[in-house]
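Q: Please take a close look at one part of this model, the place where two helices from separate chains cross, and then work outwards from there.

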2 protein chains.
Amino acid sequence: MNSTPSCLAGFSCGLDATLRVIAGKWKPLILYFLLQGPTRYGELKRAVRGVSDKMLIQQLKELEADGLIVRTDYKEVPPRVDYALTSLGLDLTKALEPLCVWGTNNMAEVTRVLARREEWHAPKRAAVADSA
Amino acid sequence: MNSTPSCLAGFSCGLDATLRVIAGKWKPLILYFLLQGPTRYGELKRAVRGVSDKMLIQQLKELEADGLIVRTDYKEVPPRVDYALTSLGLDLTKALEPLCVWGTNNMAEVTRVLARREEWHAPKRAAVADSA
DNA sequence: ACAAGTATGCACTTTTTGGTAAGTATCAAA
DNA sequence: TTTGATACTTACCAAAAAGTGCATACTTGT
């Protein structure tokens, strides 16, 4: 029971729907870099810093299955493959721009916030250094 | 080693920075509902459907610690508390709108995509029911 | 013969995330 | 006195996400 009591098909709102598609640590970043045009696997890997092969491939497969990107295999050897946004993916990716802008404008804040989080996670004997 | 080789303070780009702040299943949704103005805990819980007390509180605390929202305790009994966006949080939340719009416009697609994912995860003996 | 670069696949393990269910304090209504 | 409402807190546990490292197939360079 309890199917869509108040709203749309199982979602709280449009944002909810979107989030289910781009959830995960890497998808938004991958999409965003694809905005520059079709990109080879290796290039993507260098662009999305810190991503592992496993994750990158996995997310690319999901994005492809979800119709947001297309994979092109040039059947060459050594292998050559690239990924590009579909029109659906392009629209979604454009919607990510404002987030990028916010992040750029508030990078200093974000950096501070993240640093503070670190402190709480590894407070060690901070009090000592603190009083010194 | 390897500190900010090519880009900004440890981030791939502005989007990366933003994502670190709103990562998680619930934060964007919480922020988005707060756009309607200060909201009590209970209201939020009803708005963000499916969230548990634990998660809601936890995310609210983090958002507060990160300076995106403010908590107001009216010191009444039974307890009354509400949450509101700070100006920083408001800016960020506004940047979420396009995602909401995309989700609304493509809800049908998203629904299909999500359904397809389910199939792969629980394929059981679907072929049987399929041919029936 | 051997290492390197290409785009993956796969098994294994850790880390992170999220859910459930219970408990707290206070007052009011039944 | 038991129940209900409010806003949480806590402990415990399952599931999902992500990281590590090794392997493949083919070719070019040494």
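**A helix crossing between chains A and B**

A: H2(A) passes H1(B) in a right-handed crossing. The model is a predicted one. On the H2(A) side the contact is made by Pro28(A), Leu29(A) and Tyr32(A), and on the H1(B) side by Leu15(B), Asp16(B) and Leu19(B). Sorted by class, the residues of this contact are five nonpolar, no polar and one charged.

The geometry comes next. Two packed helices are described by the angle between their axes and the distance between the axes. Helix H2 of chain A, residues 27–34, packs against H1(B) at an angle of about 165°, and the axes are 10 Å apart. Angles over 145 degrees count as roughly antiparallel, so H2(A) is roughly antiparallel to H1(B).

H1(B) also meets helix H6 of chain A, residues 97–105. Here the axes come within 7 Å and cross at roughly 90°. H6(A) and H1(B) are therefore roughly perpendicular to each other. From H6(A), the residues involved are Leu99(A), Cys100(A), Val101(A), Trp102(A), Gly103(A) and Thr104(A). They meet Gly14(B), Leu15(B), Asp16(B), Ala17(B) and Thr18(B) of H1(B). This contact has six nonpolar, four polar and one charged residues. Leu15(B) and Asp16(B) take part in the contact with H2(A) and also in the contact with H6(A).

Both crossings involve the two protein chains, so the interface as a whole is the next step out. In total, 39 residues of chain B are in contact with 39 residues of chain A. On the chain B side, at least two residues each are supplied by helix H1 (14–22), helix H2 (27–34), helix H5 (87–94), helix H6 (97–105) and helix H7 (107–121). H1(B) gives the largest share of that side, eight residues. By class, the side of chain B that touches chain A has 25 nonpolar, eight polar and six charged residues.

The partner, chain A, has eight helices and three strands. Their order from the N terminus is α-α-β-α-α-β-β-α-α-α-α. Of the 132 residues in chain A, 32% are buried. Among contacts in chain A with a separation of 6 or more, 46% are between residues 24 or more positions apart.

The DNA strands are the next topic. DNA strand C is surrounded by 21 residues, and the closest are Gly42(A), Asp53(A), Pro78(A), Pro79(A) and Lys25(B). Helix H3 (41–47) and helix H4 (53–65) of chain A, together with helix H4 (53–65) of chain B, each supply at least two residues of the surface near strand C. That surface has ten nonpolar, four polar and seven charged residues. Around DNA strand D there are 18 residues, of which Lys25(A), Gly42(B), Pro78(B), Pro79(B) and Val81(B) come nearest. H4 of chain A and, from chain B, helix H3 (41–47) and H4 each supply at least two residues of the surface near strand D. Its classes are eight nonpolar, three polar and seven charged.

One residue of H4 in chain A can be added here: Lys61(A). Lys61(A) is exposed, with 12 other C-beta atoms within 10 Å. Its C-alpha atom is separated by 8.8 Å from that of Arg71(A), ten residues apart along the chain.

Pro78(A) is one of the closest residues to strand C, and Pro78(B) is one of the nearest to strand D. Pro78(A) lies in the loop between strand E2 (69–73) and strand E3 (81–85) of chain A. The bond joining Val77(A) and Pro78(A) is a cis peptide bond, with omega about 0°. In chain B, Pro78(B) is placed in the loop between E2 and strand E3 (81–85), and the peptide bond from Val77(B) to Pro78(B) is cis, with omega near 0°.

These loops also hold Lys75(A) and Lys75(B). Phi of Lys75(A) is near 50°, a positive value in a residue other than glycine. Lys75(B) has a positive phi of about 50°. Lys75(A) is exposed, with 8 other C-beta atoms within 10 Å, and Lys75(B) is exposed, with 8 such atoms within 10 Å.

Strand E2 (residues 69–73) of chain B contains Val70(B). Val70(B) is partly exposed, with 14 other C-beta atoms within 10 Å. Apart from its neighbours within four places in sequence, Val70(B) is in contact with Glu64(B), Ala84(B) and Thr86(B).

Note on methods
Residues numbered from 1 in each chain as written. Chains lettered and ligands numbered in written order. Predicted model: local features only at pLDDT ≥ 70, side-chain atom pairs only at ≥ 80, totals over all residues. Contact = placed C-beta atoms within 7 Å. Helix = DSSP H or I, 4+ residues; strand = E, 2+ residues; numbered from the N terminus. Nonpolar A, V, L, I, M, F, W, Y, C, P; charged D, E, K, R; others polar. Buried ≥ 20, exposed ≤ 12 C-beta atoms within 10 Å, placed from the backbone. Near = placed C-beta within 6 Å. Axes fitted to C-alpha atoms, helices over the stretch in contact; angles between N-to-C directions. Parallel < 35°, antiparallel > 145°, perpendicular 65-115°, else oblique. Left-handed = near helix turned anticlockwise from the far one by under 90°.
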